[in-house]
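Here is a briefing on one protein chain. Please read it beside the model.

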Amino acid sequence: MSTQKSINGINIQVSFCNQINCQPIPLDEISKGSPLANVYAKEGVANTYTVNIVSHVPTQLNVDTPPDPNVVISLDNNAGYLYLAYNGIQAVNTSINQGDVNCRVFWFEYNSPVDLDNPPAGTTYNLYHTQFDYTIEQTGGSAEAICVHERNDDPETDRGTVTTPVKGK
């Protein structure tokens, strides 16, 4: 798999997104919180960095339509289940720096009917390892760090509210 796209001043090239577990992982064995990520400069290539993300994803997924298709890249050969989104540079307040740090913000996105804040007993997960390179273009700006989040695009479980038209009017 090698998928490439220019988004918000960087060129992203996905090397792979692989499920790395053989059996589904039970709820009580998964880590909570943000996915694990690292970044390092790609040797011999200017302004290019390699990012690795390891994330737990519910085994129950729906085909997804990302909120903004202009800022996402498919992680599953356009099957429609997993995406990487890049929303540009944002100031992130951190106690490490005692103030704001300019970060490139990436989102590992999927759509699952599982309420991740209160998953039902028996919920199982898969572990994914995603690797991509990004090259900063002239309009890409400067950042001191990256921030990686995970997002369930299901509005009933992630955003907390669902809006639908009134029926019969």
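The points below go from the overall fold to strand pairing, then to single residues.

This is a predicted model. The protein has 1 helix and 10 strands. In order from the N terminus, the elements read β-β-β-β-β-β-β-β-β-β-α.

**Overall make-up**

- The protein has 169 residues, and 40% of them count as buried.
- About 9,700 Å² of the protein is exposed. Carbon and sulfur atoms supply 47% of that area.
- Take the contacts between residues at least 6 apart in sequence: 70% of these join residues at least 24 apart.
- The helix comes after the strands in the run of elements, at the C-terminal end of the series.

**Pairing with β9**

- Which way do β2 and β9 run relative to each other, parallel or antiparallel? Strand β2, residues 10–19, runs antiparallel to β9, and 9 bridges join the two.
- Within this pairing, V14 stands opposite F132 of β9.
- Strand β3 covers residues 25–26 and is also antiparallel to β9, with 2 bridges between them.
- P26 has T124 in β9 as its bridge partner.
- How many bridges link β5 to β9? The count is 11, in the antiparallel sense, and β5 spans residues 48–58.
- N52 has Q131 as its bridge partner in β9.

**The loop between β6 and β7**

- N77 sits in the loop between β6 (72–74) and β7 (83–94).
- The phi of N77 is near 55 degrees, which is positive, and the residue is not a glycine.
- Is N77 buried or exposed? N77 counts as exposed because its relative accessible area is 58%, and the cut-off for exposed is over 50%.
- N78 lies in the loop between β6 and β7 as well.
- The phi of N78 is positive too, at about 65 degrees, and N78 is not a glycine either.
- N78 has 68% relative accessibility, so it counts as exposed.

**N111 and its contacts**

- Where is N111? N111 is in the loop between β8 (99–110) and β9 (124–136).
- N111 is a loop residue, yet it counts as buried because its relative accessibility is 10%. The cut-off for buried is under 20%.
- Which residues does N111 touch, leaving aside those up to four places away in sequence? They are Q60, L61, N62, D64, Y81, N152, D153 and D154.

**Cysteines**

- How many disulfides does a search of the whole structure find? The search finds 0.
- C103 is in no disulfide: the nearest cysteine sulfur belongs to C147 and is 5.6 Å away. A disulfide needs the two sulfur atoms within 2.5 Å.
- C103 counts as buried because its relative accessibility is 5%.
- C17 has 12% relative accessibility, so C17 counts as buried too.

**In brief**

- β9 pairs in the antiparallel sense with β2, with β3 and with β5.
- Among the asparagines covered here, N77 and N78 are exposed, whereas N111 is buried.
- C17 and C103 are buried, and the structure has 0 disulfides.

Technical notes. Residues numbered from 1 in each chain as written. Predicted model: local features only at pLDDT ≥ 70, side-chain atom pairs only at ≥ 80, totals over all residues. Heavy atoms only, no water. Buried < 20%, exposed > 50% of the residue type's maximum accessible area, 1.4 Å probe, protein only. Helix = DSSP H or I, 4+ residues; strand = E, 2+ residues; numbered from the N terminus. Contact = heavy atoms within 4.5 Å. Areas by Shrake-Rupley, 256 points an atom, 1.4 Å probe, with all protein chains shown as cover. Pairing = 2+ DSSP bridges.
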